Amino acid sequence: MPKILNIVETAYRGTLEEQDDTVLWLSHMLKNAGADISILLRANAVNYAVRGQDASGLCFGEIAMTHPPEIDKDVEKIIQKGVPVYLVKEDAEERGLSDTDLISGVQKVTRGQLPELIDQHDQVWHW
């Protein structure tokens with residue numbers, strides 16, 4: 001079975017109907033089906049690892065979100081399933097995120113460590 005690395009770069013791109021991140025959902029489902037999968041959060045997607053996100057009260061015009069996304073909870077559930085979740089340290093720092101802002105279990109990697117991380121996987125899916 002191939003070892004897969006999902007690189008998530010673009011954040012918060014779901015539709016009103018989905019109210020989550022499709023790649024995170026797909027990764028979770030693939031893990032449930034037995035896939036050997038890892039996730040790398042980079043660029044704006046490092047914000048997915050920020051604890052305590054609250055999108056309640058979010059509206060688009062007259063349309064209120066009745067079930068706002070809880071991306072940080074989605075990431076926590078994926079980690080609990082045994083999926084390694086990495087985030088690019090420099091991308092988090094550029095956005096002012098410290099270790100205390102992040103959910104537990106996310107593993108930081110530097111940009112310089114990315115080639116080694118990629119090399120540990122048979123397939124890389126970049127979203």
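These are my notebook entries on the cores, a surface patch and a few single residues of this structure, which is a predicted model.

**Entry 1, the main core.** I began with the nonpolar interior and found that the largest nonpolar core has 25 residues. Those with the most contacts inside this core are Ile 39, Leu 41, Tyr 48, Val 75, Val 85, Leu 87 and Val 106. I then looked up which elements give two or more residues to this core, and they are strand E1 (3-8), helix H1 (22-32), strand E2 (36-41), helix H2 (71-80) and strand E5 (85-88). Of these, H2 gives the most, with four residues. For background I noted that in soluble globular proteins nonpolar side chains tend to be buried together.

**Entry 2, Leu 87 and the second core.** I listed the neighbours of Leu 87, leaving out residues up to four places away in sequence, and they are Leu 40, Leu 41, Val 46, Ala 49, Ala 92, Leu 102, Val 106, Gln 107, Lys 108 and Val 109. I also found a second, separate core of eight residues, which includes Leu 5, Ile 7, Leu 40 and Leu 117.

**Entry 3, Asn 6.** Is Asn 6, a residue of strand E1, buried or exposed? Its relative accessible area is 0%, and because buried means under 20%, Asn 6 counts as buried. I next asked which side chains make polar contacts with the side chain of Asn 6. One such contact, of 2.7 Å, joins Asn 6 to the side chain of Ser 27, and another, of 2.9 Å, joins Asn 6 to the side chain of Trp 127. Not counting residues up to four places away in sequence, Asn 6 touches Val 23, Ser 27, Ile 37, Ser 38, Ile 39, Leu 40, Trp 125 and Trp 127.

**Entry 4, the surface patch.** On the surface I noted a nonpolar patch formed by Leu 58, Phe 60 and Ile 63, which together have about 270 Å² of accessible area. Leu 58 is in the loop between E2 and strand E3 (59-60). Its relative accessibility is 33%, so I entered Leu 58 as partly exposed.

**Entry 5, Gly 34.** I located Gly 34 in the loop between H1 and E2. With a relative accessible area of 40%, Gly 34 is partly exposed; the range for that term runs between the buried limit of 20% and the exposed limit of 50%. Finally, I looked up Gly 34 against Trp 125, and the two are 91 residues apart in sequence and 17 Å apart in space, taken from C-alpha to C-alpha.

Key
Residues are numbered from 1 along each chain as its sequence is written. This is a predicted model: local features need pLDDT of at least 70, side-chain atom pairs count only at pLDDT 80 or more; totals for chains, interfaces and linings use all residues. Side-chain values use heavy atoms; hydrogens and water are left out. A nonpolar core is a set of buried Ala, Val, Leu, Ile, Met, Phe, Trp, Tyr and Cys residues joined through side-chain atoms within 4.5 Å. Buried means under 20% relative accessible area, exposed over 50%, partly exposed in between (1.4 Å probe, protein chains only). Contact means heavy atoms within 4.5 Å. Patches are made of residues with over 30% relative accessible area and no salt bridge: like charges are joined within 9 Å, nonpolar side chains (Val, Leu, Ile, Met, Phe, Trp, Tyr) within 5 Å. Accessible areas come from the Shrake-Rupley method with a 1.4 Å probe; for residues, only the protein chains shown count as cover. A salt bridge is a side-chain nitrogen of Lys or Arg within 4 Å of a carboxyl oxygen of Asp or Glu. A polar contact is a pair of N or O atoms within 3.5 Å; within protein, one must be able to donate a hydrogen and the other to accept it, and residues adjacent in sequence count only if both atoms are side-chain atoms.
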